[in-house]
Amino acid sequence: MPVYLQAGLWGLAAGCMLVVGAAIAWFFNVHRLVVAGVMAFGVGVLFSALAFDLVDEAEQSGGLPATVLALAGGAIAYVVANGLLDRRGAGRRKSQGDEQKSEEDQAGSGTAIAVGALLDGVPESIVLGLSLLGGQGVTVSVLAAIAISNLPEGLSSSAGMKRNGRSARYVFGVWGGIALASGIAGLVGGLALDGAPPATISLITAIAAGAILTMIADTMIPEAFADTRLWTGLILTFGFIVAFTLSRATS
């Protein structure tokens, strides 16, 4: 199977975890503490994947100055886009409670939340697709990190959507669309960059990693801490340990 098709399928598979999380939130009443705990664990997993798989490999291929600039560029781009969406009602899009804006609170917030969810998910799919271009197959630790983090993202945000009166059509339309977009992002990335110089792939990986790191700090950690409080750091560390062990065991 061509690399770009593999990238698209893996991106779709990881994105589908958002749909799974949404389904759990819609059909079951999951305790807030459980959702927040899984999110904190997912943050730790993502931190490990960023540090030991994505950024480390990007620096080895692209060099330190280019990697640092790319990380900063990705972070700045995410902050600007997220700030614009925040003004339109998407600031607490991962909240599982009343903090998430409803259409009555702010007109157009539904669209803003959907676009914000897309903003959060696409960089993850890009780095997943890029991990295939080295010819070693999908990086297990990166795939696991994205899948594990996507589950509580979909679960928490969908619980908030349901609480604020969003319809099932809206909820599953948003996450189904983002899963599809994740697959397309992986496919396009694999197709466009297949055969590209390692330095180019490293640069784009670092940009996406900067966006992901900023997304974690801006949207995931606050929602996890809102319920897990003093346990947040401990749960996060366990997630980091599991992902780090998986990375070393499969390398």
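Helices here are DSSP runs of H or I with at least four residues, strands are runs of E with at least two, and both are numbered from the N terminus. By that rule Ser 202 is found in helix α7, residues 198-228. I will come back to Ser 202 after the overall picture.

First, what we are looking at. This is a predicted model, with local features requiring pLDDT of at least 70 and side-chain atom pairs counting only at pLDDT 80 or more, while totals for chains, interfaces and linings use all residues. Residues are numbered from 1 along each chain as its sequence is written, and side-chain values use heavy atoms, with hydrogens and water left out.

The overall fold. The protein has eight helices and zero strands, so the pattern along the sequence, given the DSSP assignment, reads α-α-α-α-α-α-α-α. The C-alpha trace spans about 50 × 35 × 35 Å along its principal axes. Take the radius of gyration over C-alpha atoms, with the globule rule of 2.2 Å times the number of residues to the power 0.38. For 251 residues a compact globule would come out near 18 Å, and the protein has 17 Å, which agrees.

Next, surface and contacts. Buried means under 20% relative accessible area, exposed means over 50%, and partly exposed is in between, with a 1.4 Å probe and protein chains only. Of the 251 residues, 46% count as buried. The protein exposes about 11200 Å² (Shrake-Rupley, 1.4 Å probe; for residues, only the protein chains shown count as cover). Carbon and sulfur atoms supply 69% of that area. A contact means heavy atoms within 4.5 Å. Among contacts with a separation of 6 or more, 84% are between residues 24 or more positions apart.

On charges, Lys and Arg count as positive, Asp and Glu as negative, and His and the chain ends are not counted. Each charge is placed at NZ of Lys, CZ of Arg, CG of Asp or CD of Glu. The mean positions of the 13 positive and 17 negative charges are 9 Å apart.

Now some individual sites, starting at the N-terminal helix. Leu 18 lies in helix α1 and counts as buried because its relative accessibility is 3%. What does Leu 18 touch, beyond residues up to four places away in sequence? The list is Asn 150, Glu 153, Gly 154, Trp 175 and Ile 178. Leu 18 and Ser 156 are 138 residues apart along the chain, with their C-alpha atoms separated by 10.0 Å.

After α1 (3-27) comes a loop leading to α2 (32-62), and Val 30 lies in that loop. Val 30 is partly exposed, at 24% relative accessibility. Setting aside neighbours within four places, Val 30 is in contact with Ile 24, Val 35 and Leu 155. Val 30 and Trp 10 are 20 residues apart in sequence and 28 Å apart in space, C-alpha to C-alpha.

Ser 102 is also in a loop, the one between α3 (64-90) and α4 (109-130). Is Ser 102 buried or exposed? With a relative accessible area of 6%, Ser 102 is buried. Outside the four-place window, Ser 102 is in contact with Ser 109, Asn 164 and Arg 166. The C-alpha atoms of Ser 102 and Val 127 are 32 Å apart, at 25 residues along the chain.

Lys 162 lies in helix α5, residues 140-163. At 37% relative accessibility Lys 162 counts as partly exposed. Beyond neighbours within four places, Lys 162 is in contact with Ala 25 and Trp 26. Lys 162 and Ala 25 sit 137 residues apart along the chain, with 8.3 Å between their C-alpha atoms.

Helix α6 covers residues 168-193, 26 in number. The expected span of a helix is 1.5 Å times one less than its number of residues. For α6 that gives 38 Å, and the end C-alpha atoms are 37 Å apart, which agrees. Just after α6, Gly 195 takes a positive phi of about 90 degrees.

Back to Ser 202 in α7. Ser 202 counts as buried, at 8% relative accessibility. Apart from residues up to four places away, Ser 202 touches Glu 57, Ala 58, Ser 61 and Gly 62.

Last, Arg 229, which lies in the loop between α7 and α8 (232-250). The phi of Arg 229 is near 50 degrees, a positive value in a residue other than glycine. Arg 229 counts as partly exposed, at 48% relative accessibility.
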